[in-house]
Amino acid sequence: MRHRYWKSILVAWVTILATSAAQADTLLNDVTIVDIESGALAPGQSVLIEGTEIAAVGPDLTAGDDVRHIDGEGGFLIPGLWDSHVHIFSSPTEPDTALPLYLINGITGIRDMGALWPIADQQALQARIETGDVLGPRLILSGAWVDASPGSWPGMFLADTPEEARAVVDRIAAEGWAAVKSYSMLDEATYLALAEAASEAGLPLVGHIPEQIPLDTAIRAGHDGMEHFGRVTKACATREGEMVAEIRDTLMHGGDLQAVMARMAGHNRIVLETWDEALCDRVLSRMAAAGLHVSPTLVVADFYTGNWPAPDAPRMRMLPPEVRASWDRPDFRLQALTDDVRQLADSSIALDRRTFAMAHAAGVPILASSDASFANPYLFHGFSLLDELDIYVAAGLTPREALYTATVAPPRFFGLADQDGTVGPGRRADLVLVDANPLEGLETLRNPRAVIVGGRVLDRAALEAMEARLLAAGE
Ligand SMILES: [Zn+2]
């Protein structure tokens, strides 16, 4: 029955947002194209968009009257941004809010990392976005999360033995997910079988490094993309092995998620006291050599430190009232916070950021990511990805390097045929036009002049209309 309910929601959504199917081709004139990889600027360019694709780029393009002409007025054109770690399916209606929030923030691609919707319904929405029936960012479905029973969250795939891991991967492959996602409570043998089966199925292994195995084990198992940053900082502590063994012990003696989280809370101090720069250099160079991608989600610290926006901030008012209300009630993650962890929070955050900057300098590939979800209080679809990029710059990356993690690295990691973070012919027309040179500062991303998604141009007026609809829905 719930299934049918979701379907009807989806239909309502499509009806609201579907615009005319016949979409005019567009000639965008007088823009400065920003090459995020090299930092080169190409002023005075035109971009011809036909259907969902960029057809031509050059200084002297012309087009007939049947093509919509837009004067870019010297604005700066960059590829659309990606948020590589989000959850948009944690309630039946979450996409109604999430999809427009991404677009108004210039995010034209998202990777979902864990969902409550049936996969068929996720795929139906994905297909409607691809064809332009639904206005939203391109969607990658990597939320096939696998955990030890009973599962840290409802609806997870469960595996407690190597045999179960292999069976779960068969199912994930058959259902058409883009990746296998490991989760925190898996034991080592099950995790290693999961990694092997994913590789045999041709699926990347992404997700959490299980708490009871060392980071180096995951590197050697061929883990492709890891979520969150804490395990990297922990691996730079000389006592990582001891801490991991302690978690394994807790689980072997029947400890549950609460018990593990209590142990982990105590680890913050040990990490701070035994973090070692020379060890960290060795860990990071092994990660870089293995091509282990990291989705840092550093912005998640805001949730734990209570760095929350005022109730009347626009980003709060654009949320459904019931979501705002649920965020007022702290869940098990905040309840697990001890006074010790709170006192150490500033030092822990600073150490994460320092380690993050070292990781980037060592060549560890980074995928900008926020963990935004209705189920993750004070992490906002759209806005939080821009906050995350600001954190990267605060940690020492240049604006260009930060943008690279949101425009170039994601489509290449996902292996997309028609997107690679460049603006050129044959590429999908997912673009953002901003007023100022973003290589000199990312503030300009907060107020894009236009967002182009799958060839459809959302100018400032269209973006403001979307904001107004979200504000009205949030009342
Ligand atoms: Zn997540």
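1. In this predicted model, the largest nonpolar core has 136 residues, and those with the most contacts inside it are Val 47, Leu 77, Leu 103, Val 146, Val 180, Leu 194 and Val 294. In soluble globular proteins, nonpolar side chains tend to be buried together. Several of these residues come up again below, and they are a convenient thread through the fold.

2. Val 47 touches Leu 28, Val 31, Ile 54, Val 57, Leu 77 and Val 423, if residues up to four places away in sequence are left out of the count. Leu 77, one of these partners of Val 47, is itself listed among the core residues with the most contacts.

3. Strand β2 (residues 41-50) runs antiparallel to strand β3 (residues 53-58), and five bridges join the two. Within this pairing, Leu 48 has Ala 56 of β3 as its bridge partner, while Ser 46 has Gly 58 of β3. The hairpin of β2 and β3 has two residues between the strands, and Gly 51 takes a positive phi near 60° there.

4. The hairpin strands belong to an open sheet of seven strands with mixed pairing, in the order β3-β2-β1-β4-β14-β15-β16. Because β3 and β16 (456-459) stand at the edges with a single partner strand each, one side of each is left without a neighbour in the sheet. Direction ignored, neighbouring strands of this sheet are turned by 35° against each other on average. Helix α19 (residues 460-473) packs on the sheet, where it touches β15 (450-453) and β16, and its direction makes about 75° with that of β16.

5. A further open sheet is formed by six strands in the order β9-β8-β10-β11-β12-β13, and here the pairing is parallel. Its edge strands are β9 (157-158) and β13 (293-295), each of which pairs on one side only. Three bridges join β12 (residues 225-227) to β13 in parallel, and Met 226 has Val 294 of β13 as its bridge partner. Helix α5 packs on this sheet, touching β8 (145-147), β10 (180-182) and β11 (205-207), and its direction makes about 165° with that of β10.

6. Helix α5 (residues 188-200) also packs with helix α4 (residues 162-175), at an angle of about 30° and with the axes 8 Å apart; α4 passes α5 in a right-handed crossing. From α4, Pro 162, Ala 165, Arg 166 and Val 169 meet Ala 189, Thr 190, Ala 193, Leu 194, Ala 197 and Ala 198 of α5. The residues of this contact divide into eight nonpolar, one polar and one charged. Leu 194, which takes part in the contact from the α5 side, is also among the core residues with the most contacts.

Terms used
Residues are numbered from 1 along each chain as its sequence is written. This is a predicted model: local features need pLDDT of at least 70, side-chain atom pairs count only at pLDDT 80 or more; totals for chains, interfaces and linings use all residues. Axes are lines fitted to C-alpha atoms, for helices over the stretch in contact, and angles run from 0 to 180 degrees between N-to-C directions. Helices (H or I, at least four residues) and strands (E, at least two) are DSSP runs, numbered from the N terminus. A crossing is left-handed if the near helix is turned anticlockwise from the far one by less than a right angle, and right-handed if clockwise. Two residues are in contact if their C-beta atoms, placed from the backbone, lie within 7 Å. Ala, Val, Leu, Ile, Met, Phe, Trp, Tyr, Cys and Pro count as nonpolar, Asp, Glu, Lys and Arg as charged, and the others, Gly among them, as polar. Two strands pair if DSSP finds at least two bridges between them. A nonpolar core is a set of buried Ala, Val, Leu, Ile, Met, Phe, Trp, Tyr and Cys residues joined through C-beta atoms within 7 Å. A residue is buried if 20 or more other C-beta atoms lie within 10 Å of its own, exposed if 12 or fewer, and partly exposed in between; C-beta atoms are placed from the backbone.
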